[in-house]
Amino acid sequence: MIGEAWTEICDALLAAGITDPAHYAGVVGTPSQKQAWAIVEPLLAELLEADVVLIGAPMYNFSIPAALKAWIDQVTFPRMSLRPKKFVIAGARGGTYAEGTPRAPFDHHERYLRDFVAGHYDVDDVRFVHAELTNALVDPHLAAREGERVASREAALAAI
Ligand SMILES: Cc1cc2nc3c(=O)[nH]c(=O)nc-3n(C[C@H](O)[C@H](O)[C@H](O)COP(=O)(O)O)c2cc1C
């Protein structure tokens with residue numbers, strides 16, 4: 001969870017105009033900031049080290065799971081640029097949000113992640129691979145769509 005010390009670090013980065021992650025640690029001073037930084041540092045190091053960032057993201061309530069959002073909140077700082085990294089997002093959805101379907105406008109999952117990666121990480125090389133209609137496995141109302149579930153899963157596996 002984001003606490004006061006994390007926001008202090010972020011405010012200090014903004015005030016000092018620091019945008020290079022290699023210099024973030026320089027603004028960490030108080031014991032509580034050091035405690036907050038101890039959580040951020042390994043997560044950020046893992047992210048910065050990767051050439052390709054693979055994120056597994058099931059759709060929860062038209063959006064992303066709280067745990068993924070908590071990670072995003074920890075490792076996102078002002079005016080970052082993670083170019084030229086690539087992002088691959090492997091999604092799963094109980095229903096379908098494909099273009100032209102009635103629920104397509106409810107897709108705040110891919111839409112949010114695409115906007116986040118572009119807007120905060122300055123990365124537009126992001127590929128989405130979704131396995132849809134996974135609820136056909138458990139919901140009798142979707143039993144007739146089992147073929148579409150299998151096709152979506154196969155297409156997703158082939159795309160990876
Ligand atoms: C809390 C929760 C909320 C969900 N909300 C949605 C939803 O809004 N739309 C949808 O299509 N599926 C929804 N699902 C179904 C999941 O997207 C689906 O079960 C997916 O296959 C989960 O991925 P996993 O099997 O990798 O955990 C939800 C599942 C959970 C647990």
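Among contacts in the protein between residues at least 6 apart in sequence, what share join residues at least 24 apart? The figure is 70%. I should say now that this is a predicted model, and what follows is computed from that model or taken from a record.

First, the overall layout. The protein has 160 residues, and buried residues make up 16% of them. Along its principal axes, the C-alpha trace spans about 60 × 30 × 25 Å. There are five helices and three strands. Read from the N terminus, the order of the elements is α-α-β-α-β-α-β-α.

On annotation, UniProt lists residues 29–139 under "domain: Flavodoxin-like fold", and the entry is unreviewed. In the model, that stretch is 36% helix and 18% strand. The C-alpha atoms at its two ends are 53 Å apart.

Now the start of the chain. Helix α1 covers residues 4–16 and helix α2 covers residues 31–49. Their axes come within 8 Å of each other and cross at roughly 90°. That angle falls between 65 and 115 degrees, so α1 and α2 count as roughly perpendicular. Which residues of α1 and α2 meet? From α1 they are A5, W6, E8 and I9. From α2 they are S32, Q33, Q35, A36 and W37. By class, the residues of this contact divide into five nonpolar, three polar and one charged.

Next, the ligand. Around it are P58, M59, Y60, N61, F62, A92, R93, G94, G95 and T134. By class, this shell has five nonpolar, four polar and one charged residues.

Two residues of that shell deserve a few words, N61 and G94. N61 is in the loop between β1, residues 52–58, and α3. Its phi is positive, about 45°, although N61 is not a glycine. Is N61 buried or exposed? N61 has 10 other C-beta atoms within 10 Å, and 12 or fewer is the cut-off for exposed, so N61 is exposed.

G94 sits in the loop between β2 and α4. G94 has 17 C-beta neighbours inside 10 Å and therefore counts as partly exposed. Which residues does G94 contact, leaving aside its neighbours within four places in sequence? They are T134 and N135, and T134 is also listed around the ligand. G94 can be placed against D139 as well: 45 residues separate the two in sequence, while their C-alpha atoms are 9.5 Å apart in space.

That leaves two points of backbone geometry elsewhere. One is D122, in the loop between α4, residues 110–121, and β3, residues 126–131. D122 is another residue other than glycine with a positive phi, here near 60°. With 13 other C-beta atoms within 10 Å, D122 is partly exposed.

The other is a cis peptide bond, which joins R83 and P84 and has an omega of about 5°. P84 lies in the loop between α3, residues 66–74, and β2, residues 86–92.

To go back over the main items: α1 and α2 cross at roughly 90°, the ligand shell includes N61 and G94, and a cis peptide bond joins R83 and P84. That is everything I have.

Conventions: Residues are numbered from 1 along each chain as its sequence is written. This is a predicted model: local features need pLDDT of at least 70, side-chain atom pairs count only at pLDDT 80 or more; totals for chains, interfaces and linings use all residues. A residue is near a molecule or strand if its C-beta atom, placed from the backbone, lies within 6 Å of it. Ala, Val, Leu, Ile, Met, Phe, Trp, Tyr, Cys and Pro count as nonpolar, Asp, Glu, Lys and Arg as charged, and the others, Gly among them, as polar. Helices (H or I, at least four residues) and strands (E, at least two) are DSSP runs, numbered from the N terminus. A residue is buried if 20 or more other C-beta atoms lie within 10 Å of its own, exposed if 12 or fewer, and partly exposed in between; C-beta atoms are placed from the backbone. Two residues are in contact if their C-beta atoms, placed from the backbone, lie within 7 Å. UniProt positions are given in the numbering used here, feature names are shortened, and annotations may be inferred rather than shown by experiment. Axes are lines fitted to C-alpha atoms, for helices over the stretch in contact, and angles run from 0 to 180 degrees between N-to-C directions. Angles under 35 degrees count as roughly parallel, over 145 as roughly antiparallel, 65 to 115 as roughly perpendicular and the rest as oblique.
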